[in-house]
Amino acid sequence: MKAQVETTGAMTVRMTTESEHGVQLRTLSRALQDVHRGLLEVSRERYELANGPVRSKGDLLQLLLHDETFAWLRPLSGLIVEIDELAARDDAPTGAETAAMGALVQAFTSSSDDPEAFGSRYVALLSSEPRVAMSHIGLRDALAGLPKPRAGVGTG
């Protein structure tokens, strides 16, 4: 966020505004949080089929942090934190940084040769889990609203 100072006559007003790129990154973060929520629900249901009910949100948090079944979701949690930190930085994120973050999210959520990679598992769930597919629509829309990386800038 940037602080603006506006002087009108004898009165000085301090207004806080957020950069366009900060808004775009916050929108991206919210979309990824929705994706994370859907993936967590699916993972919890599958865990409970094999292991019995998860009794509380605290138990679910402990599983998310420490159980191998949920380990594949941890990189997504880290990516959300990284986006939030960029959006909250004192100096506003640039268009290039915002575009680079969008490209990172796009690559992260894409299938790869490794079937255990986050993107591969995510793409597989898109076709079988309606909740995940619905949250993906929001993610796709958030990504579409980001600036596009310029050729040769921030790549490689």
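Four aromatic pairs are found in this structure, which is a predicted model. In one of them, the ring centres of Tyr 47 and Phe 70 lie 5.6 Å apart with their planes at 50 degrees, so the pair counts as tilted. Another, formed by Phe 118 and Tyr 122, is stacked. The points below take up these rings and then turn to the helices around them.

**The pair of Tyr 47 and Phe 70**

- Tyr 47 belongs to helix α1 while Phe 70 sits in the loop between α2 and α3 (74–88), so this ring pair ties together parts of the chain that are 23 residues apart in sequence.
- Tyr 47 is buried, with a relative accessible area of 15%, and Phe 70 is buried as well, with a value of 0%.

**Aromatic rings around helix α5**

- In the pair of Phe 118 and Tyr 122, the rings are 5.7 Å apart from centre to centre, and the angle between their planes is 15 degrees.
- Both residues lie in helix α5 (residues 118–128), and because they are four residues apart there, about one helical turn separates Phe 118 from Tyr 122.
- Phe 118 is buried at a relative accessible area of 7%, and Tyr 122 also counts as buried, with a relative accessibility of 0%.
- Trp 72, Phe 108, Phe 118 and Tyr 122 are joined by ring pairs into a cluster.
- The buried residues of α5 are Phe 118, Gly 119, Ser 120, Tyr 122 and Leu 125, and they pack against α1, α3, α4 (95–108) and α6.

**Helix α1 against helix α6**

- Two packed helices are described by the angle between their axes together with the distance between those axes.
- For helix α1 (residues 20–51) and helix α6 (residues 130–144), the angle is about 165 degrees and the axes are 8 Å apart, which means that α1 runs roughly antiparallel to α6.
- The crossing in which α1 passes α6 is left-handed.
- On the side of α1, the residues that meet α6 include Thr 27, Leu 28, Ala 31, Leu 32 and Val 35, and further along Gly 38, Leu 39, Val 42 and Glu 45; their partners in α6 include Arg 131, Val 132, Ser 135, His 136, Leu 139 and Leu 143.
- Sorted by class, the contact of α1 with α6 comprises 10 nonpolar, five polar and four charged residues.

**Helix α1 against helix α2**

- Helix α1 also packs with helix α2 (residues 57–66), here at an angle of about 95 degrees and with the axes 12 Å apart, so that α1 is roughly perpendicular to α2.
- His 36, Leu 40, Arg 44 and Tyr 47 are the residues of α1 in this contact, and they meet Leu 60, Leu 63 and Leu 64 of α2.
- The contact of α1 with α2 is made up of five nonpolar residues, one polar residue and one charged residue.
- Tyr 47 thus appears in this helix contact and also in the tilted ring pair with Phe 70.

**Ser 19, in the loop before α1**

- Ser 19 is placed in the loop between β2 (11–17) and α1.
- With a relative accessible area of 19%, Ser 19 counts as buried because the value is under 20%.
- When neighbours within four places in sequence are set aside, Ser 19 is in contact with Ala 92 and Pro 93.

Conventions. Residues numbered from 1 in each chain as written. Predicted model: local features only at pLDDT ≥ 70, side-chain atom pairs only at ≥ 80, totals over all residues. Heavy atoms only, no water. Axes fitted to C-alpha atoms, helices over the stretch in contact; angles between N-to-C directions. Helix = DSSP H or I, 4+ residues; strand = E, 2+ residues; numbered from the N terminus. Parallel < 35°, antiparallel > 145°, perpendicular 65-115°, else oblique. Left-handed = near helix turned anticlockwise from the far one by under 90°. Contact = heavy atoms within 4.5 Å. Nonpolar A, V, L, I, M, F, W, Y, C, P; charged D, E, K, R; others polar. Buried < 20%, exposed > 50% of the residue type's maximum accessible area, 1.4 Å probe, protein only. Phe/Tyr/Trp six-rings, centres within 6.5 Å; stacked < 30°, edge-to-face > 60°.
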